[in-house]
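Hi everyone, thanks for making time for this. I'd like to walk you through one chain today, so please have a look at the sequence and the structure before I start talking.

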Amino acid sequence: MVAALFAAPSRPVARQTEPEYGPVSDLETMLADASRQLLAFAAKLLVLGSGRSPGPSSHLSQELLDLLAELVAFCDRHFQREEQVLREAGLRAFDRIWQAHTSAHAELMRGFSAAAGGVDAVPPTELAERVVGLIEAFWSEHHVEHDRLACDVLRRRLAPAARFA
Ligand SMILES: [Fe+2]
């Protein structure tokens, strides 16, 4: 399921006819890197949750906790950098888009933190599935509703300025 969300398109993407503008290119690179990193986190979570980790089972909760802390730190850095690029590119001028996007980042961070906080109360399999579900939501909802929209808005906003530069 997760792998399908991250799979490369089966057909080649049509060649882009417009030049890519700096901030949009930075954002696309950042999002592509995040997709690879989150896929790796999801794979590790599924292995840990299945109990097939090579370490002793008594260390499972600690391994899961360490992995969740790593995931939270990665997402925190990623969202901060993403919001910095969006801010500098002028997305804040689109107030509702900016608010909805940054609120969605904060909501996802709360979800990851809440999952990490439940490491002692929830069976490892359930906890891993819960976090993988959040990662899936990130790509199937957040990426489509917010990240793609931000890229499109910035592409249109930056195009006229670049043409007359
Ligand atoms: Fe985002």
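**A walk along the helices**

Let me begin with helix 3, which has 29 residues and reaches 42 Å from its first C-alpha to its last, close to the 42 Å expected at 1.5 Å a residue. Its buried residues are Leu-64, Leu-67, Leu-68, Leu-71, Cys-75, Glu-82 and Leu-86. After helix 3 comes Gly-90, with a positive phi near 95 degrees.

Before going further, please keep in mind that this is a predicted model. The average pLDDT of the chain is 81, and 79% of the residues score at least 70. One stretch to treat with care is residues 7-15, where pLDDT stays under 50. For those residues the model has zero contacts beyond four places in sequence.

Now the overall picture. You are looking at five helices and zero strands, so to speak an α-α-α-α-α order when read from the N terminus. The chain has 165 residues, and 19% of them count as buried. If we take the contacts with a separation of 6 or more, 79% of them are between residues 24 or more positions apart.

Let's step back to helix 2, residues 22-50. What span should its 29 residues have at 1.5 Å a residue? The expected value is 42 Å, and the end C-alpha atoms are 42 Å apart, which agrees. The buried residues here include Val-24, Leu-27, Leu-38, Phe-41 and Leu-45. Pro-23 and Gly-49 are also among them. Helix 2 is followed by Gly-51, and the phi of Gly-51 is positive as well, near 80 degrees.

On to helix 4. This one has 23 residues and reaches 32 Å between its first and last C-alpha, close to the expected 33 Å. Buried in helix 4 are His-101, Phe-112 and Ala-115.

So how do helix 3 and helix 4 sit against each other? Two packed helices are described by the angle between their axes and the distance between the axes. Helix 3 (residues 60-88) and helix 4 (residues 95-117) pack at about 170 degrees, with their axes 9 Å apart. An angle over 145 degrees counts as roughly antiparallel, and helix 3 and helix 4 are therefore roughly antiparallel to each other. On the helix 3 side, the contact includes Leu-68, Leu-71, Cys-75, Asp-76, Phe-79 and Glu-83, and on the helix 4 side it includes His-105, Met-109 and Phe-112. By type, the residues of this contact divide into twelve nonpolar, three polar and two charged.

Two residues of helix 4 deserve a closer look. The first one I picked is His-105, in helix 4. Leaving out residues up to four places away in sequence, His-105 touches Phe-79 and Glu-83. Phe-79 is 26 residues away along the chain, yet its C-alpha is separated from that of His-105 by 6.6 Å. Is His-105 buried or partly exposed? Being buried takes 20 or more other C-beta atoms within 10 Å; His-105 has 19, so it is partly exposed.

My other pick is Met-109, also in helix 4. Met-109 touches Cys-75, Asp-76 and Phe-79, with the same sequence neighbours left out. The C-alpha atoms of Met-109 and Cys-75 are separated by 7.3 Å, with their positions 34 residues apart along the chain. Met-109 has 14 C-beta neighbours inside 10 Å and therefore counts as partly exposed.

Terms used
Residues are numbered from 1 along each chain as its sequence is written. This is a predicted model: local features need pLDDT of at least 70, side-chain atom pairs count only at pLDDT 80 or more; totals for chains, interfaces and linings use all residues. Helices (H or I, at least four residues) and strands (E, at least two) are DSSP runs, numbered from the N terminus. A residue is buried if 20 or more other C-beta atoms lie within 10 Å of its own, exposed if 12 or fewer, and partly exposed in between; C-beta atoms are placed from the backbone. Two residues are in contact if their C-beta atoms, placed from the backbone, lie within 7 Å. Axes are lines fitted to C-alpha atoms, for helices over the stretch in contact, and angles run from 0 to 180 degrees between N-to-C directions. Angles under 35 degrees count as roughly parallel, over 145 as roughly antiparallel, 65 to 115 as roughly perpendicular and the rest as oblique. Ala, Val, Leu, Ile, Met, Phe, Trp, Tyr, Cys and Pro count as nonpolar, Asp, Glu, Lys and Arg as charged, and the others, Gly among them, as polar. pLDDT is the predictor's confidence in each residue, from 0 to 100. The expected span of a helix is 1.5 Å times one less than its number of residues.
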